[in-house]
Amino acid sequence: MNLGVALTLLRDVGNDEAQEAAARALVLFAVDDCNKAVIAAAGSVPLLVDLVEHGGVGAKEQACWALTNLAVNPCLRRIIAEASGVETLLLAVVEDDGSDLCQAMAAAALANMAWDDDTAAIIMGMGAIDALVDLERSGSALVKEMVAWALGNLACSSPDVRLALAGAGAIPPLIELLRSGTYGARARAGRALAVLTSHMADEKGVLARALEGLGALQDLGQLAGSCGCTPTYKCGPSAHAEFSVIQL
């Protein structure tokens, strides 16, 4: 299927099978930066957002995945937000429709969206932290990994967000993931905790006490040794390589 056919099939509203196939194709096409621009110019972003909200399970999975790859582009993140994508993706994360992949891809898309401070503010304004923290406790292994990435990007946005994360109980499930998750999940949880660690002084010791009281600093040090990453991360340009956006 070429890009033109995929874009045409995506417009076949009501034909769930065709739209799922189109979204699956766009997952791959959206890896290319030039294709991202073509997909956006064709008005596909609102259609993908609508598919996340109203499509069948398979179509939702592929639409969330396509939006994840599109959201690598800062301009497209704004277009997704303008199409009510943040609200729709958050609902896809918190609603259990029986698809771990749908929840995980929606969380991955939110992780990319959260890299922009304005979009992070929208996510925060919707009260998303409590829902994300609940999933960090109870979701599948894949969902926990993607939620940890989203929490890490959110933590980069402001001191208020970092304190809100701590207040919502995000630290214990991240520590648990750091200790017992898959390698990828451990790395993502470690980086999320490392952002909190790197701002201990800014938050007047609140985060430091939480991490130290749970014995997390030793785990962060062990993670640094096992995966070659640095146990503290600064937000801003130097953090971009470690957090930033993900393309799947």
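**Exercise 1. Helix H6 and its buried face**

Task: In this predicted model, determine which residues of helix H6 are buried, and work out how they are arranged when seen down the axis of H6.

Solution. Step one is to list the buried residues of helix H6, which spans residues 74-82: they are Leu76, Arg77, Ile80 and Ala81. Step two is to look down the axis of H6, where these buried residues fall within an arc of 145°, so they line one face of the helix. The general geometry of the α-helix is relevant here: with 3.6 residues a turn, residues three or four places apart point the same way. Step three is to ask what covers the buried residues of H6, and the cover includes helix H3 (33-41), helix H4 (44-54) and helix H5 (57-70), together with helix H7 (85-94), helix H8 (100-113) and helix H9 (117-125).

**Exercise 2. The two ends of H6**

Task: Describe what is found at the start of H6, and state which phi value serine 84 takes just after H6.

Solution. At the start of the helix, a side-chain oxygen of asparagine 73 lies within 2.8 Å of the backbone nitrogen of cysteine 75. Just after H6, serine 84 has a positive phi of about 65°, and this is a positive value in a residue other than glycine. Serine 84 belongs to the loop between H6 and H7, and with a relative accessibility of 37% the residue counts as partly exposed, because the partly exposed class lies between the 20% and 50% cut-offs.

**Exercise 3. A salt bridge between distant parts of the chain**

Task: Identify which side chain meets that of aspartate 116 in a salt bridge, locate both partners along the chain, and decide whether they are buried or exposed.

Solution. The side chain of aspartate 116 meets that of arginine 77 in a salt bridge, with an N to O distance of 2.9 Å. The pair links distant parts of the chain, since aspartate 116 sits in the loop between H8 and H9 whereas arginine 77 sits in helix H6, 39 residues apart. Aspartate 116 and arginine 77 are both buried, and arginine 77 is thus one of the residues already listed for H6 in the first exercise.

**Exercise 4. Salt bridges within a helix**

Task: State how many salt bridges the model has by the rule applied here, then examine the pair arginine 24 and glutamate 20 and the pair aspartate 33 and lysine 36.

Solution. The count comes to five salt bridges. Among them is the one between the side chains of arginine 24 and glutamate 20, at 3.0 Å from N to O; these residues are four apart in helix H2 (residues 16-29), and therefore separated by about one helical turn. Arginine 24 is partly exposed at 40% relative accessibility, and glutamate 20 is likewise partly exposed, with a relative accessible area of 22%. Another salt bridge joins the side chains of aspartate 33 and lysine 36, at 3.5 Å from N to O; being three residues apart in helix H3, these two are separated by about one helical turn. Here aspartate 33 is exposed, with a relative accessible area of 55%, whereas lysine 36 counts as buried at 1% relative accessibility.

**Exercise 5. Threonine 88 and its surroundings**

Task: Find the helix in which threonine 88 is placed, decide whether the residue is buried or exposed, and name the residues that threonine 88 touches, not counting those up to four places away in sequence.

Solution. Threonine 88 is placed in helix H7. Its relative accessibility is 10%, so threonine 88 counts as buried. Leaving out residues up to four places away in sequence, threonine 88 touches Val49, Val52 and Glu53.

**Exercise 6. The chain as a whole**

Task: Summarise the secondary structure of the protein chain, its burial and its contacts, and state how confident the predictor is.

Solution. The protein chain has 16 helices and zero strands, and 54% of its 248 residues count as buried. Among contacts between residues at least 6 apart in sequence, 70% join residues at least 24 apart. The chain exposes about 10,000 Å², of which carbon and sulfur atoms supply 55%. As for confidence, the average pLDDT is 80, and 78% of the residues score at least 70. Over residues 223-243, however, the pLDDT is below 50, although this stretch has 42 contacts in the model beyond near neighbours in sequence.

Methods: Residues are numbered from 1 along each chain as its sequence is written. Side-chain values use heavy atoms; hydrogens and water are left out. Buried means under 20% relative accessible area, exposed over 50%, partly exposed in between (1.4 Å probe, protein chains only). The arc is that of the directions from the helix axis to the C-beta atoms. Contact means heavy atoms within 4.5 Å. A polar contact is a pair of N or O atoms within 3.5 Å; within protein, one must be able to donate a hydrogen and the other to accept it, and residues adjacent in sequence count only if both atoms are side-chain atoms. Accessible areas come from the Shrake-Rupley method with a 1.4 Å probe; for residues, only the protein chains shown count as cover. A salt bridge is a side-chain nitrogen of Lys or Arg within 4 Å of a carboxyl oxygen of Asp or Glu. pLDDT is the predictor's confidence in each residue, from 0 to 100.
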